[in-house]
Amino acid sequence: NVSGPTFAAIGDSMTDQNSRWILPDLASPSSAWFSDGPLAWFRILSHQRINFPLSHELGVSGDTLEQMLARIDQVLNLSPKPDYCVVLGGANNFSLTTSFGTFESMCDTWLKLVGRLKDKGIVPIIMPAPPRGGSTLTTAQILTQQRFTNYQREFCRRNKGYLFCDYLKYFIDQASATGAPLSLLVKADNLHPSATGAYYMGK
């Protein structure tokens, strides 16, 4: 048994890619942690001094911040109750042309999301969405993502009880005018972290 603090995670496909249920040959279903999952690396690099059960990994591919907020009770009702919850979301909002893709809407929803965790005595650890490669976002959408990340960082700096995982210093190509990721840190889809990118996020 792990005696360290209990962690949970809620997010989109970035969180969902940490683990999978698998069915090995001639065996019962089992769970596996994957090398392209940031939180899988967090477990490894902490020498597994944290309690992060697979049941506490609540990533759903395609989720927006609004959908994450709608199922926040999944985190609040976990047993054992998590001491910390990693929140990794927003990637599916940036490309939206509806009001859910606006900076103001994202901030409002995100504040409700992390506020629910804080109110229940769970420390939110904010992990910003990674920058994208290629041209998958417009210039305006890239600026919205950067602005939202800066908002999250400043909010955590100014408010006690919120932690910000600032892995971007490892991740961003400082020579890029748009803050693109360094080579090989994202997969061919220019969106999801590769195993190397996940390592730096977990670090």
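In the predicted model, aspartate 63 has a relative accessibility of 7% and is therefore classed as buried, since this value lies under 20%. Its salt-bridge partner is arginine 71, and the closest N and O atoms of the pair are 2.6 Å apart. Arginine 71 is likewise buried, at a relative accessible area of 12%, so that both ends of this salt bridge fall under the 20% limit for buried residues.

A salt bridge is also formed between aspartate 73 and arginine 116, with 2.7 Å between the closest N and O atoms. This pair links distant parts of the chain, as aspartate 73 belongs to helix α4 (residues 73-76) and arginine 116 to helix α5 (residues 103-119), the two residues being 43 residues apart. Aspartate 73 is partly exposed, with 39% relative accessibility, and arginine 116, with a relative accessible area of 32%, is partly exposed as well.

Within helix α6 (residues 139-158), glutamate 154 and arginine 158 are four residues apart and are therefore separated by about one helical turn. The side chains of glutamate 154 and arginine 158 meet in a salt bridge with an N to O distance of 3.4 Å. Glutamate 154 is partly exposed at 30% relative accessibility, whereas arginine 158, at 64%, counts as exposed because its value is over 50%. Salt bridges with shared partners join Glu154, Arg157 and Arg158 into one network.

The count of salt bridges comes to seven, among them the pairs aspartate 63 with arginine 71, aspartate 73 with arginine 116, and glutamate 154 with arginine 158.

Note on methods
Residues are numbered from 1 along each chain as its sequence is written. This is a predicted model: local features need pLDDT of at least 70, side-chain atom pairs count only at pLDDT 80 or more; totals for chains, interfaces and linings use all residues. Side-chain values use heavy atoms; hydrogens and water are left out. A salt bridge is a side-chain nitrogen of Lys or Arg within 4 Å of a carboxyl oxygen of Asp or Glu. Buried means under 20% relative accessible area, exposed over 50%, partly exposed in between (1.4 Å probe, protein chains only).
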